[in-house]
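Please open the structure in your viewer and keep the sequence panel visible beside it. This tour suggests what to select at each stop and then says what is there.

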Amino acid sequence: MIRPLIAAALAVSLATPAFASSSDEFRIRVDYDAAALETTKGAATEFDRIKTEISERCAEENDFFGVHPDFVVNVCENRAMRQTVRAIDHPNFTAAYIVDQSK
């Protein structure tokens with residue numbers, strides 16, 4: 001079963017960094033396989049897929065920054081992944097996030 005994360009607690013709603021206009025906001029819909037989260041390997045696979053999806057979207061949404069675009073994309077990715085981990089709220093997914101952060 002695949003659960004879509006949408007709106008409020010179930011979506012990642014991002015505002016661009018503080019130096020951008022606060023009205024610039026976008027949402028990322030993230031689908032994940034809840035059954036895959038029951039194993040550490042499945043959760044790691046879902047985490048990697050979601051992280052890639054978020055990274056691509058952050059790069060697309062922030063391609064207009066000329067100065068230090070990598071910094072802006074990193075801020076976007078970090079914020080989105082933290083919100084996604086909180087929204088999914090599964091121990092195996094959180095563990096995959098912690099491992100990723102320790103790299």
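Begin by selecting the two cysteines, Cys-58 and Cys-76, and showing their side chains: the link between them is left-handed, with -70° about the S-S bond. As you look, please keep in mind that this is a predicted model. The sulfur atoms of Cys-58 and Cys-76 lie 2.1 Å apart and form a disulfide, and a search of the whole structure finds 1 such link.

Which helices hold the two ends of this link? Colour residues 40–61, which make up helix H1 and include Cys-58, and then residues 69–88, which make up helix H2 and include Cys-76; the disulfide therefore ties together parts that are 18 residues apart in sequence.

Now turn on a surface and ask of each cysteine in turn: is Cys-58 buried or exposed? Cys-58 is buried, because its relative accessible area is 0% and the cut-off for that word is under 20%. Cys-76 has a relative accessibility of 7%, so this residue counts as buried by that cut-off as well.

Next, hide the surface and look at H1 and H2 as a pair. Their axes are 9 Å apart, and the two helices pack at an angle of about 140°. That angle makes H1 oblique to H2, since the label of roughly antiparallel is kept for angles over 145 degrees. The crossing in which H1 passes H2 is right-handed.

To see what fills this contact, select Phe-47, Ile-50, Lys-51, Ile-54, Ser-55, Cys-58 and Ala-59 on the H1 side, and then Val-73, Cys-76, Glu-77, Ala-80, Met-81, Thr-84 and Ile-88 on the H2 side. Sorted by character, the residues of this contact comprise 10 nonpolar, 2 polar and 2 charged.

Stay with one of these residues, Ile-88, which lies in helix H2. Ile-88 is buried, with a relative accessible area of 8%. If you also select Ala-34, you will find its C-alpha atom 8.9 Å from that of Ile-88, although the two residues are 54 apart along the chain.

Finally, zoom out and show the whole protein chain as a cartoon, in which you can look for 3 helices and 4 strands. Followed along the sequence, these elements give the pattern β-β-β-β-α-α-α. The protein chain has 103 residues, of which 38% count as buried. Among contacts between residues at least 6 apart in sequence, 63% join residues at least 24 apart.

Key. Residues numbered from 1 in each chain as written. Predicted model: local features only at pLDDT ≥ 70, side-chain atom pairs only at ≥ 80, totals over all residues. Heavy atoms only, no water. Disulfide = S-S within 2.5 Å. Buried < 20%, exposed > 50% of the residue type's maximum accessible area, 1.4 Å probe, protein only. Axes fitted to C-alpha atoms, helices over the stretch in contact; angles between N-to-C directions. Parallel < 35°, antiparallel > 145°, perpendicular 65-115°, else oblique. Left-handed = near helix turned anticlockwise from the far one by under 90°. Contact = heavy atoms within 4.5 Å. Nonpolar A, V, L, I, M, F, W, Y, C, P; charged D, E, K, R; others polar.
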